[in-house]
Amino acid sequence: MNKGEPRLSVLRNVLSIFTLLFVLFLLYKLATYRYQLEVPEIPYSTFYGELQNDNIQAVTFIEDKLRVVFKAPIMVGDEGSPKKVSTAEVLLPFENKDVLVNELLAKGVEIRVKHRSSIWNSIWPILPFVLIVVFWVALFRMMQQGPQSAISFGKARAREVQSKDKVRRVTFDDVAGIDEAKEELREVIEFLRDPTKFKRLGARIPKGIILVGPPGTGKTLLAKAVAGEANVSFFSISGSDFVELFVGVGAARVRDLFARAKRNAPAIVFIDELDAVGRYRGAGIGGGHDEREQTLNALLVEMDGFDPNEGIIVIGATNRPDILDPALLRPGRFDRKIVVNLPDVNGREAILKVHTRNIPLGKDVDLKKLAQGTPGFSGADLANMVNEAALIAAKKGKGQVNMEDFEEARDKVIMGPERRSLAMSSKEKRMIAYHEAGHTLAALLLPEADPIHKVTIIPRGLALGTTQSLPTDDKHTFSREYILSKIGTLLAGRAAEKLVLNTVTTGAANDLEMATQLARKMVTEWGMSEKLGPVTFGKKEEHIFLGKEIGRPRDHSERIAEIIDDEIRNIIHEQEQRIEKLLREHLPVLHKIAEKLLEKETLTGEEIRKILEEYRRQN
Ligand code: ADP
Ligand code: MG
Ligand code: ZN
């Protein structure tokens with residue numbers, strides 16, 4: 001719902017530009033129509049002949065032209081297509097019109113004189129300026145993605161969704177896998193359903209609740225479901241809507257939003273992307289008094305301004321609670337925090353169930369297995385995957401969605417669509433096959449490594465080939481052996497290239513980067529280096545939910561930095577040797593896997609395990 005809106009206003013702007021062009025076109029048509037196009041021009045001689053024949057009813061002098069109305073229509077030979085006309089124009093071949101006028105008077109012709117349309121004469125010179133102004137206004141509107149009219153500037157763009165009746169309400173049945181959050185919100189629903197019950201007891205109900213969690217975990221959905229369950233009005237606005245071009249507009253919108261909610265109480269006011277308005281004050285560029293700060297102040301004032309018993313509850317959502325202004329989290333404001341986490345296996349299964357409710361599933365579809373195969377997926381990712389699977393099945397013309405469609409959809413969600421068309425030489429293909437075979441074999445042989453799920457040399461997204469290993473369940477802690485195996489598996493692609501083809505390629509760059517990163521973390525964060533011991537280095541500043549490092553200021557000496565680098569290099573080097581030895585010992589299997597890959601392009605984990613078993617039986 002929030003996402004549709006910018007697109008709408010772009011559409012509106014495009015439309016208004018088209019309207020403008022259309023109006024201009026009409027004006028042009030009008031101008032040319034009256035004076036040039038419609039009335040044919042005839043030679044002076046023809047006109048004079050008709051005058052002698054007494055066939056002229058009336059004339060109008062328009063500057064050096066004469067418009068003539070005939071009594072009986074005449075034929076005008078216009079380059080082979082003669083036309084019958086009763087009006088025509090004549091260019092006058094002389095300056096002095098007296099003679100002609102006398103003659104016309106003598107014949108009893110009606111005479112009129114007209115100066116060229118004075119309105120047009122005065123409009124043409126200023127038209128460019130008018131156009132510039134119109135364009136400027138249009139541009140301005142576009143820049144601030146304005147509401148429908150200038151008058152509604154300060155009106156909140158909140159849409160009241162699902163008020164009491166209409167539309168299908170979102171309920172708790174649509175939200176799965178985040179049961180703790182749902183449980184915490186039940187009390188709020190009770191209150192909204194019957195505020196008096198709580199008032200009688202003098203219970204204090206929170207005014208503001210903040211939903212905190214990574215993107216796509218269902219925060220927006222949850223807020224809507226609360227409104228749906230409680231059957232109250234729901235006003236939703238996104239924090240970024242508040243931050244406007246004009247100072248003061250955001251604040252006006254906040255006031256309008258709350259005014260409307262109060263008129264419709266009991267109601268929920270949902271502020272999505274709260275961090276957009278709620279950042280630390282004074283942290284913005286441009287000093288202390290910028291637009292965002294005014295908006296935030298207005299929000300604080302409004303939140304303090306209503307009585308909890310008015311039946312309004314403000315729900316905010318953010319994935320950056322770390323940057324919120326502390327004033328927002330003070331008692332009486334957003335003082336209740338509910339964490340919405342990424343779903344675990346059971347949660348994922350429940351979410352898949354919700355989203356496949358209306359989809360005809362094949363008998364082979366096992367949602368539990370799918371849930372196991374999608375660690376780290378958010379609710380939105382899962383919804384996306386289900387939708388993709390349905391699309392894939394529909395494209396194949398099937399009446400139901402099968403497991404293979406889900407598998408394909410998952411790969412697509414993780415890595416982007418297959419790029420079968422990418423041209424590749426057979427030499428390149430061979431190299432990729434060996435590279436992936438290396439990863440695969442390493443994952444197969446190393447202790448603790450995640451089991452192989454699938455290997456392919458079909459390019460997908462940015463990768464030329466992929467080896468997928470899926471953890472058997474969500475892992476929260478990792479052992480030293482597991483990480484070392486992971487590093488080994490990452491290095492194995494390059495090692496295989498080196499071993500068989502006696503060369504290395506740039507294809508391994510990403511693997512190396514990931515392996516190095518893991519090794520660095522082992523040394524600096526997880527205390528897994530023997531030389532340095534259980535100490536962490538570098539103060540970490542991460543986006544809490546995005547998992548991205550912003551910076552890592554150094555808090556140790558030059559000497560320690562050198563040791564860290566040495567340790568990282570040692571880890572990588574050790575693993576490289578271990579892998580090279582392992583691959584050399586299993587060279588026939590490596591060849592076999594690569595061969596099979598070149599033949600079939602995609603191998604499942606089972607097929608690969610079979611290859612290894614066969615080899616072991618023979619030796
Ligand atoms: P957020 O606001 O946390 O970024 P949304 O509520 O916008 O996430 O989720 C986007 C979509 O993902 C929802 O409309 C829904 O289809 C799906 N989704 C996310 N989480 C869940 C969940 N827990 N249960 C069911 N569907 C979910
Ligand atoms: Mg959202
Ligand atoms: Zn690789």
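## N231 and D54, two loop residues

At a relative accessibility of 35%, N231 counts as partly exposed. You'll find N231 in the loop between helix 7 and strand 7, the latter covering 233–238. Its backbone is worth a look: N231 is not a glycine, and yet its phi is positive, at about 60°. Keep in mind as you read on that this is a predicted model.

D54 tells a similar kind of story. Its phi is near 65°, again a positive value in a residue other than glycine. D54 sits in the loop that joins helix 2 (44–52) to strand 1 (56–62). Is D54 buried or partly exposed? With a relative accessible area of 40%, D54 is partly exposed, because that class covers values between 20% and 50%.

## What surrounds ligand 1

Now move over to ligand 1. Its shell holds 16 residues, and those that come nearest are A176, G216, K219, T220 and H355. Sorted by character, the shell has eight nonpolar residues, six polar ones and two charged ones.

Where does ligand 1 lie with respect to the domains? Both domain 3 (155–339) and domain 4 (345–415) give residues to the shell, so ligand 1 lies between them. As for the helices, at least two shell residues each come from helix 7 (219–230), helix 12 (345–355) and helix 14 (379–395). Helix 7 has already turned up here, as one neighbour of the loop that carries N231.

## Polar contacts of ligand 1

Look next at the oxygen atoms of ligand 1. One is 2.6 Å from an N or O atom in the side chain of T220. With G216 the partner is a polar backbone atom, 2.7 Å from an oxygen atom of the ligand. A380 also offers a polar backbone atom, with a ligand oxygen 3.4 Å away. How much of ligand 1 does the protein bury? Taken alone, the ligand exposes 560 Å², and the protein buries 79% of that.

## The zinc ion

Ligand 3 is a zinc ion. Which residues coordinate this ion? They are H435 and H439, each through NE2, plus D511 through OD, at 2.0 to 2.1 Å. Along the chain, these donors follow the spacing H-x3-H-x71-D.

That spacing brings distant parts of the chain together: H439 belongs to helix 16 (residues 426–445) and D511 to helix 18 (residues 509–524), with the two 72 residues apart. Both H439 and D511 are buried.

## Buried residues around helix 15

Back in the range of domain 4, have a look at T374. It sits in the loop between helix 13 (367–372) and helix 14, and helix 14 is one of the helices that supply the shell of ligand 1. T374 is buried, with a relative accessible area of 0%. Its C-alpha atom is 9.4 Å from that of I414, although 40 residues separate the pair along the chain.

M403 is found in helix 15, which covers residues 403–415. Is M403 buried or exposed? M403 has a relative accessible area of 11% and is buried, because buried means under 20%. Between the C-alpha atoms of M403 and D366 the separation is 7.3 Å, and these two residues are 37 apart along the chain.

## I452 and its distant partner

Last stop: strand 11, residues 452–456, which is where I452 lies. I452 counts as buried, at 3% relative accessibility. How far apart are the C-alpha atoms of I452 and T604? They are separated by 7.9 Å, while the two residues are 152 apart along the chain.

Methods. Residues numbered from 1 in each chain as written. Chains lettered and ligands numbered in written order. Predicted model: local features only at pLDDT ≥ 70, side-chain atom pairs only at ≥ 80, totals over all residues. Heavy atoms only, no water. Near = heavy atom within 4 Å. Polar contact = N/O pair within 3.5 Å; in protein donor to acceptor, adjacent residues only side chain to side chain. Areas by Shrake-Rupley, 256 points an atom, 1.4 Å probe, with all protein chains shown as cover. Helix = DSSP H or I, 4+ residues; strand = E, 2+ residues; numbered from the N terminus. Nonpolar A, V, L, I, M, F, W, Y, C, P; charged D, E, K, R; others polar. Domains from an automatic or database assignment. Donors = N, O, S within 2.8 Å, 3.2 Å for Na, K, Ca; no water. Buried < 20%, exposed > 50% of the residue type's maximum accessible area, 1.4 Å probe, protein only.
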